[in-house]
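Here's a quick walk through a chain you may want to keep open in your viewer while you read. Let's take it from the overall picture down to a few single residues.

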Amino acid sequence: MTSKTIANGILRALGISIGLILLVYFLYKIQSVIAYLAFAAVIALIGRPIVLFLRRKLKFPNTLAVVLSMLLMVGILVGIVALFVPLLSEQGKNLSLLDIDKLQENVNILYKEITNYLGFSTSEVNEALEDAEIEKNILDGLNIGFIPDFLNSFLNILSSLSIGLFSVLFISFFFLKDSKLFQNGLLMFVPNNNEKRTVNSIEKINNLLSRYFLGLLLQIFILFVIYTIVLLIVGIENAIVIAFLCSLFNIIPYVGPLIGGVLMIGLTMTSNLGADFSEVILPKSGYVLIGLAIGQLVDNFFSQPFIFSNSVKSHPLEIFLVIIIAGLLFGVVGMIVAVPGYTAIKVILKEFLSENKLVKSLTQNL
């Protein structure tokens, strides 16, 4: 190996490194555009079955089918905004969840009521906590600020999305109108001998992810209906808003339902402060807990098997492991995108490595 060869190798490696750094910097700078594309892709996948139904069953022209599908989805979005935003803005001051100081004060009051109900005085509990070298305030070591932070972040995302709503809808329209737009762009970088496999992979991924996102919407809607009914029966203020927010946590696999359940029980108890603990707060919390259990039973034995088995064609244990690994590697975002990302990888592996024994085992249901 000559010095010239070594120098060329070093220069080539240096050039690749600089190119990768510039690419990462470029992607960082256009992250808002990438977010718009991601939102548009999800909207297009959700609207795809509607477009296909209008085209194939009702014989609508492609453009008209896309326009009607977009109008339907925008109408649903406007309806959700019209229903929840006024409630959040008008009643947000009364919803202690959005005020962390008020929430902490209410939980401290609730803590005193629970200790009194159990037959302990707060002084006795505090002495026991001091003996164990634990802080008197049970919330001192507990960071509950993540709850309003999460909701405020979610509302900020909605606000930011409204700024770029035109961009998202514009991109979604063309994704739906020309379903092969992304495919044709990708094929420019694919060798000719792999074009057919790539086209098959994209088509199958589109079908599976369309089913998955529609199933996810159905899952959230079912939980929203169950939670709303339970909270209305129990007589909790802001029942619709609380039910919507708690069902929305279900987007985060496994961890989300637990957070939503704790949130609902906590809001039920703190919203009834001043009432008798044993005759009002405790029974209402018990009824809400039963409603939560019913909702999770329906979700675990109906909604999730329907989504995972019929949409992404994966075993629940397989999905569980994928979500846990993605969560450890990439946090909450990883847990959310784990299922669609894993589904796409499985389809690609089956198309290009169908003879591999491990791939055959993982993709036998696809």
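Which residues does the UniProt annotation "transmembrane region" cover? According to that unreviewed entry, the answer is residues 9-28, 34-54, 66-88, 154-176, 212-234, 240-265, 286-307 and 319-345.

## The big picture

Keep in mind that this is a predicted model. The chain has 14 helices and zero strands, so reading the elements from the N terminus on just gives α after α: α-α-α-α-α-α-α-α-α-α-α-α-α-α.

Of the 366 residues, 35% count as buried. The accessible surface comes to about 22000 Å², and carbon and sulfur atoms hold 69% of that. As for how the chain meets itself, take the contacts with a separation of 6 or more: 66% of them are between residues 24 or more positions apart.

## Two annotated stretches

Now for two of the stretches that UniProt labels "transmembrane region", 286-307 and 319-345. Over residues 286-307 the chain is 100% helix and 0% strand, with the end C-alpha atoms 30 Å apart.

Residues 319-345 also come out as 100% helix and 0% strand. Here, though, the C-alpha atoms at the two ends are 13 Å apart.

## Where α2 crosses α9

Helix α2 spans residues 31-56 and helix α9 spans residues 195-234. Their axes are 8 Å apart and the packing angle is about 90°. Since angles of 65 to 115 degrees count as roughly perpendicular, α2 and α9 are therefore roughly perpendicular to each other.

Who's touching whom? On the α2 side you'll find Val42, Leu45, Ile46, Arg48 and Pro49. They meet Glu203, Asn206, Asn207, Leu209, Ser210, Phe213, Leu214 and Leu217 in α9. Sorted by type, the residues of this contact are eight nonpolar, three polar and two charged.

## α10, tucked away

Is helix α10 (residues 239-248) largely enclosed or open? Nine of its ten residues are buried, so α10 is largely enclosed by the rest of the structure. The buried ones are Ala239, Val241, Ile242, Ala243, Phe244, Leu245, Cys246, Ser247 and Leu248.

## Three residues along α12

Helix α12 covers residues 277-310, and Ser285 sits in it. Is Ser285 buried or exposed? Its relative accessibility is 8%, and because buried means under 20%, Ser285 counts as buried. Setting aside neighbours within four places in sequence, Ser285 is in contact with Ile265, Thr268 and Met269.

Gln296 is found in α12 too. With a relative accessible area of 16%, Gln296 is buried. Leaving out residues up to four places away in sequence, Gln296 touches Leu223, Tyr227, Asn250 and Pro257.

Then there's Phe306, again in α12. Phe306 has a relative accessible area of 37%, so it is partly exposed. Apart from neighbours within four places in sequence, its contacts are Leu218 and Ser311. How far is the C-alpha atom of Phe306 from that of Leu216, and what is the gap along the chain? The two C-alpha atoms are separated by 9.8 Å, while the residues are 90 apart along the chain.

Key:
Residues are numbered from 1 along each chain as its sequence is written. This is a predicted model: local features need pLDDT of at least 70, side-chain atom pairs count only at pLDDT 80 or more; totals for chains, interfaces and linings use all residues. Side-chain values use heavy atoms; hydrogens and water are left out. Helices (H or I, at least four residues) and strands (E, at least two) are DSSP runs, numbered from the N terminus. Buried means under 20% relative accessible area, exposed over 50%, partly exposed in between (1.4 Å probe, protein chains only). Contact means heavy atoms within 4.5 Å. Accessible areas come from the Shrake-Rupley method with a 1.4 Å probe; for residues, only the protein chains shown count as cover. UniProt positions are given in the numbering used here, feature names are shortened, and annotations may be inferred rather than shown by experiment. Axes are lines fitted to C-alpha atoms, for helices over the stretch in contact, and angles run from 0 to 180 degrees between N-to-C directions. Angles under 35 degrees count as roughly parallel, over 145 as roughly antiparallel, 65 to 115 as roughly perpendicular and the rest as oblique. Ala, Val, Leu, Ile, Met, Phe, Trp, Tyr, Cys and Pro count as nonpolar, Asp, Glu, Lys and Arg as charged, and the others, Gly among them, as polar.
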